[in-house]
Each structure stands twice: as structure tokens, then as C-alpha cells.
Amino acid sequence: MHLERIKYFISALLLLLVVSGPLYGQEIRTRYATITYTDMESLRKFNNKLYMGRLKYLLNKKSETIEDEVKSKIDLIVEKVETVLDMYPSPLKFNIVIHPSKQGIQTDYQRLYKRTVNYIAFFSPGTNTVFYSADNAKLRVVAHEIGHVVAEKYFAISPPPKIHEVLAQYAETHVSD
Ligand SMILES: [Zn+2]
């Protein structure tokens, strides 16, 4: 290839990477979850809002990056919720999507269930995915949805919605005990 053409090809490729980057989002894998987020800013905000309270003493002290810190927090919350509910489904694998704000939550809910809601987070058993908004990443909110995940995986047949909710609320209330 002629040098000019190579240069052109490389710059076109770089442009494509820049343009396509934010559309696909980014991904990190924890022991239990595959986390997809729109951009680094959303992950940073999610991490800052997710104050761990007493659980922070159990966190992996070696976390050097935001990605590592989020991974360590999520896995710790999963294990704490399992302990609280005394339910240990195995293997436990699920997806997490982090939106910058609750607008994205509502768009995804509408897309999946054709209904308008005002939720700040939700769990979709059909897609095995929890949706969070970075603005609302409180420990109780995160634990509540993970409570739904653990309950869903534990029972061979999904419990009725009311029982599902009671279990998630129990996880939410007792996560920081
Ligand atoms: Zn719930």
C-alpha cells in the first residue's frame, strides 16, 4: 500500500474507534457480574455514590482503579446479600447495566416491558440484568436489586412477585447489619 493510503487508512480507523467507542459502552467482569457502563464518568459517579458504610472494612484494600473498586464492592454486596437471605445459588452470574441517570432506566424499562415507570433501578429476570442509575447508587438500592437476583436464582420456580419483593426488601434492610 502507498504510504498516503496507509496514513488515510489509519486515520479512518482511529476516527471509527473514537466515534464508535461511547455507543458500545465499556465492560468489566467481576466474580458474579458483567458490568456494562456508558462511560467512565458514569462508573466514577456510581462508585462515589456507593458508600459502603460498615462493609467498607471488608473491602479489598488493594483496589487501585475505579474499576477494581466497583468490582470489589459488587462482589462484597452479592456475598453479603446471600448471607442475609441464607441463599447461596450456584453458579451465580448476572449482568449489570449502569446508566448515567434514571432516564436510561426508564427507557430500558419501556423497551423491555412497554410500560412507563419512575424507577431508579430494576431487575429484569428475562434478560438476567440489573439496571442501575449512577445518580442513585446507594448501598440499599444496589442490595435490593441483588436481593431480587439471588431470590430468582435460588428457587427453581420464581417466587410470586410479593414474596420476591419481601426478600429484596429484607436484603436491602439488612445489608449493612
Ligand atoms: Zn423490588
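## Where two helices meet

Which residues in helix 3 meet which residues in helix 5? In this predicted model, Ile77, Val78, Val81, Glu82 and Leu85 come from helix 3, and their partners in helix 5 are Val142, Ala143, Ile146, Gly147 and Val150. Sorted by class, this contact has eight nonpolar residues, one polar and one charged. Glu82 is the charged one and Gly147 counts as polar.

Now for the geometry. Helix 3 covers residues 66-85 and helix 5 covers residues 139-154; they pack at an angle of about 65 degrees, and their axes are 9 Å apart. The crossing of helix 3 past helix 5 is right-handed.

## Helix 4 and its length

Helix 4 takes in residues 102-113. With 12 residues at 1.5 Å a residue, helix 4 should span 16 Å, and this agrees with its end C-alpha atoms, which are 16 Å apart. Just after helix 4 comes Lys114, with a positive phi near 55 degrees.

## Two faces of helix 4

Which residues of helix 4 are buried? They are Lys102, Ile105 and Gln106. These residues lie on the same side of helix 4 because they cover an arc of only 95 degrees around the axis. An α-helix has 3.6 residues a turn, so residues three or four places apart point the same way.

The buried residues of helix 4 pack against three strands: strand 3 (94-99), strand 4 (121-124) and strand 5 (129-133). On the face turned away from that buried side sit Gln103, Thr107 and Arg111, which are exposed.

Terms used
Residues are numbered from 1 along each chain as its sequence is written. This is a predicted model: local features need pLDDT of at least 70, side-chain atom pairs count only at pLDDT 80 or more; totals for chains, interfaces and linings use all residues. Axes are lines fitted to C-alpha atoms, for helices over the stretch in contact, and angles run from 0 to 180 degrees between N-to-C directions. Helices (H or I, at least four residues) and strands (E, at least two) are DSSP runs, numbered from the N terminus. A crossing is left-handed if the near helix is turned anticlockwise from the far one by less than a right angle, and right-handed if clockwise. Two residues are in contact if their C-beta atoms, placed from the backbone, lie within 7 Å. The expected span of a helix is 1.5 Å times one less than its number of residues. A residue is buried if 20 or more other C-beta atoms lie within 10 Å of its own, exposed if 12 or fewer, and partly exposed in between; C-beta atoms are placed from the backbone. The arc is that of the directions from the helix axis to the C-beta atoms.
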